[in-house]
Amino acid sequence: SLVCCNGESEGEKRYLYSQLTCAEAKRMYGNATLSAVLEGGGREVLFRYTYAVASLCDAAALFINHINEGADLNEENAIMQVTFERALSVCPKCGRNLLHPGAECIKCRSKLKIFKQLAKYVAPETKALIISVILSLITTAMSLVPPTITGFIVDVVFTDSKSNIALLNRIAQAVGPDAGRLLFAMIACLLFTYILQYGIGIVRSYLMRTVGDKVVLALRNDIYRKAQHLPMKFYDKTSTGAVINRISGDANVLQQFMLRITQEAVVHLFQLVGIVIIMLSLNPQLTLLSLIPVVFIVIATRIFSKKIKPYYRRIWRRWAAVFSTLSDTIPCIRVVKSFTGEERSSDKFEERNNEWLKVDLKLGKLVTAFPQIIAFLVTCGSLIIWGIGGSKVIAGEDGFSAGLIVAFISYASMF
C-alpha cells in the first residue's frame, strides 16, 4: 500500500497499489506533484514534493505502474532500493557526490557544528588558552608603545617642542634638561619595552604550541580509532592513501591553523583596536584620514576569500590523490614489479602530480598578488599621512608636529 500526506486537514491517506493506475510525476515551477487515476476514474494529486526528491518520486510513479502491470515485486523493490541509495549519495543542496549514502555533505555542513566538535578537544586546555590570551594582550600593549616614544624623541629631544604624553613628560622632568641624557633614557624605555614584548612572546608561543600539540594528538588518536572500525565497504570506495593523508596531513594542517591563525588573528585584532584608540587620542582628524585605505582592504579581503576558497579544496583533493598513489604503490612495490607495472605506476603518479601543479600555479597567482595589494593599500595610508599631515606641520597648525607624523606612520605600517 501507499501512505501519503498532502499537508491538508484530512491528514494521511492510504491507497492500495491496485487502486492506483496511470501514476504520473509532474514537475512544475517551484515544486512537483505525484498523481494517479483512482478507481472512480478521476485523477487525484497524492502529494507535492520539492526537486530535492524528484528522482525518488519519478521512481515511485514507475514502481506503481509496473506493479499494476504485473511486474515482479522483488525486482521492483530492488530497483527502488538502488534509486534510494543513489539519491542518498548526492547532496540535495549542492549536488555534490557524498562519501557514502546518507553521509553529511562536507560543503553544506554547518560550520558551527564543526567548531562544536573541535571544542571538545580544546576544552581541556581552557586554562592555558586563557593565559595565552592574557599574554597576547600584554604583548599587544607593548608593541603599541615604541611609536609613541619615537614621536616623543622627535618632538622633545630633537626639536625641543612640547608633548601631551603625561608619562613621558614626567620621565623628561626626572631626567633633566640635558637632551643627551633624555635620549638615552628614551632608548632605555624602548629597550625595556622590546625585552618585555619579545620575552612574553616566547612564552606565549611555546604555550600555544603545547596546546596545539595536545589537541592534535587527541584528534589524531580519535581519527585512527574511527578508521579501525569503519566497514570494509568504506575501504572498497576509498583508497588507504586518502585515509593516511587525513590522519597525518589534515591533522598537521589543523595544528598549523591553531598555532598560526589563532595566535595571529587574536594578536592582530587586539593590535588593531589599540592602534585606532591611540591614534584617535593623538589626533582624530589624521586618524580618520589614515583609515581610508582600510575600507578598500576589507573589500579586497572579501573578494580574495571568495576566490581562493574553491582553490584550496581543489588542491587538497589533488594532493590527496598524489599521496594516495604514493601510499598505494610504494608499500606494494613487489606486487607492482611482479606484474611489470613500473611504467604504468610512474605515469599515473606523474599525471596526478601534474594535476596538482596546475591547480597550485593558479592558486599561486592569487596568493602572491594579495599580500602585495594589501601592502600597497597600507602604503597609500602612509602617503595620506605624509601629504596631509606634513602640509599641516609645514603650515604650523596646532596639534600637528613632526613627531606626531612619525608616530602615525609607524602605527599605519602596523595595520
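## Helix 4 and helix 7

Two helices count as roughly antiparallel when the angle between their directions is over 145 degrees. In this predicted model, helix 4 (residues 126–143) packs against helix 7 (residues 179–229) at an angle of about 155°, so the two are roughly antiparallel to each other. Their axes lie 9 Å apart, and helix 4 passes helix 7 in a left-handed crossing.

Residues from both helices make the contact. On the helix 4 side they include Ala128, Leu129, Ile131 and Leu135. Helix 7 contributes, among others, Thr193, Leu196, Ile200 and Gly201.

## The three-stranded sheet

Strands of a sheet pair through backbone hydrogen bonds, either parallel or antiparallel. Here an open sheet of three strands has the order 3-4-5, and the pairing is antiparallel. Strand 3 (21–27) and strand 5 (43–49) are the edge strands, each paired on one side only. On average, neighbouring strands of this sheet are turned by 20° against each other, direction ignored.

Five bridges join strand 3 to strand 4 (residues 32–37) in the antiparallel sense. Lys26 stands opposite Thr33 of strand 4. Helix 1 packs on this sheet and touches strand 3, strand 4 and strand 5. The direction of helix 1 makes about 165° with that of strand 3.

## Helix 1

Helix 1 covers residues 54–68. At 1.5 Å a residue, its 15 residues should span 21 Å, and the end C-alpha atoms are 22 Å apart, which agrees.

Among the buried residues of helix 1 are Leu56, Cys57, Phe63, Ile64, Asn65 and Ile67. Just after the helix, Gly70 takes a positive phi of about 95°.

Key: Residues are numbered from 1 along each chain as its sequence is written. This is a predicted model: local features need pLDDT of at least 70, side-chain atom pairs count only at pLDDT 80 or more; totals for chains, interfaces and linings use all residues. Side-chain values use heavy atoms; hydrogens and water are left out. Helices (H or I, at least four residues) and strands (E, at least two) are DSSP runs, numbered from the N terminus. The expected span of a helix is 1.5 Å times one less than its number of residues. Buried means under 20% relative accessible area, exposed over 50%, partly exposed in between (1.4 Å probe, protein chains only). Two strands pair if DSSP finds at least two bridges between them. Axes are lines fitted to C-alpha atoms, for helices over the stretch in contact, and angles run from 0 to 180 degrees between N-to-C directions. Contact means heavy atoms within 4.5 Å. Angles under 35 degrees count as roughly parallel, over 145 as roughly antiparallel, 65 to 115 as roughly perpendicular and the rest as oblique. A crossing is left-handed if the near helix is turned anticlockwise from the far one by less than a right angle, and right-handed if clockwise.
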